[in-house]
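Student: I would like a close look at one part of this model, the empty space in it. Please keep to what can be read from the structure.

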Amino acid sequence: MKRFATLCFATSLWAHALLAQFWDPEISNTRASLRGISAVDSNTAFASGSAGTWVATRDGGKTWRASQIPGAEALDFRGIRALDARTVYLMSAGPGDKSRIYKTLDAGEHWTLLLTNSHPKGFFDSLAFWDALHGIVAGDPVEGRADIRTTDDGGATWTRREPPAALPEEGAFAASNTCLALWGRSEVWFATGGIGAGRVFHSTDAGRTWTVAGTPIRNDSAGAGIFSIAFRDANHGIIAGGDYGKDKEDRQNLALTADGGRTWTQPASRPAGYRSAVVYMASEKLWLATGTSGSDTSTDDGKTWKAFDSGAFNAMSFTQEGAGWAVGPQGRIARFVPPAR
């Protein structure tokens with residue numbers, strides 16, 4: 001059954017509570033581990049996860065359609081990007097040919113396979129689009145460099161790019177489809193993790209050329225590093241992560257930039273554990289971070305953080321107007337609704 005919870009926290013921005021609506025698997029119609037979420041508007045959202053699962057709502061979450069792509073039931077759809085209510089891209093993460101990209105033009109009635117990773121060591125991590133034609137996918141290193149591919153024709157063809165060489169134990173995390181961040185018409189950042197890594201790569205020309213910067217995010221294990229990156233403008237951004245195997249530890253799990261990612265610093269306070277996703281809610285000038293040990297918010301551009309929920313979530317997505325969704329284990333979905341002013 002559907003459950004409702006009102007989550008209260010003190011801020012100077014809101015005089016009322018933030019209302020979060022939660023849907024159990026009986027409503028979302030799946031028990032898949034949901035890792036991807038893409039909000040279209042206050043009524044429409046698409047999510048994706050394990051066992052080839054994708055789900056969608058068109059009525060603000062009152063009902064959800066859960067489905068699988070024929071022949072893709074064994075894939076793990078870690079990434080989803082809805083350009084509108086009908087045009088949606090799905091990205092699966094897995095070794096070799098289990099990493100694929102699909103596209104629908106009719107809200108999931110029919111899907112076209114666009115790209116299959118043919119390299120046995122390939123592993124897609126995140127997918128993003130600047131517009132209907134121009135997109136990018138980031139994957140773990142192949143032949144010494146991160147597997148970065150771009151498209152200029154809506155995914156029909158993809159071009160391999162060459163970022164700076166990867167470090168020996170460097171890779172990315174397909175935890176929330178947010179280790180890629182885009183801005184404007186051609187700017188992109190992607191973030192990494194792994195032993196001795198935890199870096200941010202930056203391109204201003206849609207992936208053709210790159211620079212790379214170190215960060216203070218922890219990198220002391222294969223499961224530690226940056227899991228998510230987001231920007232509120234071309235200069236101000238946040239990276240979040242930690243160690244997913246130690247999800248209650250808050251050591252070196254967040255950093256800020258004010259110069260477009262050239263340098264990163266740790267704030268005075270930080271989220272209360274490992275965080276797999278961070279987003280900026282532009283309509284409320286609010287940052288949110290979430291992970292398997294809870295969620296936090298910041299109203300001062302990431303300088304201080306306050307925990308507001310202890311539930312497990314993997315990913316979040318917000319529209320420019322403030323419609324927000326989060327997804328997590330066992331088909332868990334939440335809708336964040338800002339209060340009336």
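Which residues line the second largest pocket?

Tutor: The model is predicted, and what follows is computed from it. The lining of the second largest pocket consists of Asp140, Pro141, Glu169, Glu170, Gly171, Ala172, Phe173, Gly193, Gly194 and Ala222. By class these are 4 nonpolar, 3 polar and 3 charged residues, with Gly counted as polar. The volume of this pocket is about 180 Å³.

Some of these names come back in the lining of a closed space. The model has 1 cavity of 30 Å³ or more, and the largest cavity holds about 70 Å³. Pro141, Glu170, Gly171 and Ala172 are among the residues that line the largest cavity, and they also line the second largest pocket. The cavity lining further includes Ala138, Gly139, Ala146, Ala166, Phe190, Thr192 and Phe201. Strand β12 (residues 135–142) gives the largest share of that lining, 3 residues. In classes, the cavity lining comprises 7 nonpolar, 3 polar and 1 charged residues.

For context, the largest pocket has a volume of about 1,100 Å³. It is lined by 34 residues, and Arg81, Leu182, Ser317, Phe318 and Gln320 are the closest to its centre. Elements that contribute two or more residues to this lining are β3 (34–39), β7 (77–82), β11 (124–129), β15 (180–183), β19 (224–231), β22 (277–281) and β26 (315–318). The lining of the largest pocket splits into 22 nonpolar, 8 polar and 4 charged residues.

Definitions and conventions
Residues are numbered from 1 along each chain as its sequence is written. This is a predicted model: local features need pLDDT of at least 70, side-chain atom pairs count only at pLDDT 80 or more; totals for chains, interfaces and linings use all residues. Side-chain values use heavy atoms; hydrogens and water are left out. On a 1 Å grid over the protein atoms alone, a cavity is a set of points where a 1.4 Å probe fits but cannot get out, and a pocket is an open set with protein on both sides within 12 Å along at least five of seven lines; lining residues have an atom within 4 Å of a point. Grid points are joined across faces, edges and corners, and a volume is the space filled by probe spheres set on the points. Helices (H or I, at least four residues) and strands (E, at least two) are DSSP runs, numbered from the N terminus.
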